[in-house]
Amino acid sequence: MNIGLDMMGGDFAPLEAVKGIRLFLAAHTAPITLYLFGDEALLGPLLKEYAIPADSYKIVHAPQVIGMHEHPTKALKEKQQSSIAMGFHTLATGKTDAFISAGNTGAMLVGALYSIKAIEGVLRPTIATIVPKENGQTGLLLDVGLNADCKPEQLNQFAVLGSLYAKYILGIDQPKVGLVNVGEEEGKGNILAQATYPLLKENSAIQFTGNIEGRDVFGDKADVMVCEGFTGNIILKLAESFYDITQRQQVKNTYFDRFNFESYGGTPVLGVSKPVIIGHGISHDKAFMNMLHLAVKMINSDLLEKMKDSFTTV
């Protein structure tokens, strides 16, 4: 198994990425080779300082870095020796099985869409986030920002992608799907929600439970919650603020501690043909460790093949 990691992406790169690798290797014994993309002159000494075993990685020298505020498409085209561009090239050519970066989110999304392509039959890939449930379980919300405007057919596909992820990655045997809406009754909501409801209701590939309201997001009414990226991103950022508030107020609460994004690592891009995981720009070692664990889980579960199969039979 070969996993690519952008060592130059994120506000605290490459130090926190190296520390994250150390945590990951300490907890993972299966044979894995990490392809580390970045400036070899910077990476070499850090990897030695943190005693990363030399047989666990290969440095791929990438002298260029795509900045957080650069135009994604332009930067990928002009900086083909950047850590992100080279990471996607290695993934596309089959040298690695997954690619991770906490760098420029736009560049990661453009790379995922145009370097490795969407799964055949998928109208638009989506990005999802973990939702901590009050009962101790975890849910999945998608889309959370990739597709601000959606068509009903796209939300219907998000429900399939999210259900497969919930089953094979989150371990939820029969995930319940809910449509995020302004009311529980069928027929509620805007034009998009009204047109999406019957598609989800008729979709035999999912277990649709109906509409869910904002107050249901952290409850147990649904495991997979579907909406367009505009609404999803607002919910995501609101949820992230819960943890920030408890930290500022010095409130210790085991439930709200679960809203720390570092505990989950990164956001998977669902609907593309190979595992791509996007991390937060302020990721520290714990987040990098968890992104690596997620990549391993996605590869071992053969999730992408299961997604491909689901769309060839639809």
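Which residues form one aromatic cluster? In this predicted model, the cluster consists of Phe218, Phe242, Tyr255, Phe256 and Phe259. Aromatic contacts were examined throughout, and a search of the whole structure yields 10 aromatic pairs.

One of these pairs is made by Phe88 and Phe99, whose ring centres lie 5.1 Å apart with 65 degrees between the planes. Planes over 60 degrees apart count as edge-to-face, and the pair of Phe88 and Phe99 is therefore placed in that class. The contact links distant parts of the chain, with Phe88 in helix 4 (residues 83-92) and Phe99 in strand 4 (residues 98-101), 11 residues apart. Phe88 and Phe99 are both buried.

An edge-to-face arrangement is also found for Tyr197 and Phe208, because their planes stand at 75 degrees and their ring centres are 5.1 Å apart. Tyr197 belongs to helix 7 (residues 191-202), whereas Phe208 belongs to strand 8 (residues 207-212), so this pair ties together parts that are 11 residues apart in sequence. The burial of both residues follows from the cut-off, since buried means under 20% relative accessible area. Tyr197 has a relative accessibility of 11% and therefore counts as buried. Phe208, with a relative accessible area of 17%, is likewise buried.

An aromatic ring also takes part in a contact with a charged group. The charged end of Lys306 sits over the ring of Tyr168, at 4.8 Å from the ring centre.

Attention now turns to strand 10 and its partners. Strand 10 spans residues 266-270, and 4 of its 5 residues are buried, so the strand is largely enclosed by the rest of the structure. Strand 10 runs antiparallel to strand 5 (residues 126-132), to which it is joined by 2 bridges. In this pairing, Thr126 has Leu270 of strand 10 as its bridge partner.

Strand 10 also pairs with strand 11 (residues 276-279), again in the antiparallel sense, over 3 bridges. Here Pro268 stands opposite Ile277, a residue of strand 11. Strand 10 and strand 11 form a hairpin with 5 residues between the strands. Within this hairpin, Gly271 takes a positive phi near 110 degrees. Strand 10 is thus paired with strand 5 through 2 bridges and with strand 11 through 3 bridges, while 4 of its 5 residues are buried.

Terms used:
Residues are numbered from 1 along each chain as its sequence is written. This is a predicted model: local features need pLDDT of at least 70, side-chain atom pairs count only at pLDDT 80 or more; totals for chains, interfaces and linings use all residues. Side-chain values use heavy atoms; hydrogens and water are left out. Rings of Phe, Tyr and Trp (its six-membered ring) pair if their centres lie within 6.5 Å; planes under 30 degrees apart count as stacked, over 60 as edge-to-face and the rest as tilted. Buried means under 20% relative accessible area, exposed over 50%, partly exposed in between (1.4 Å probe, protein chains only). A charge sits over a ring if NZ of Lys or CZ of Arg is within 6 Å of the ring centre and within 35 degrees of the ring normal. Two strands pair if DSSP finds at least two bridges between them.
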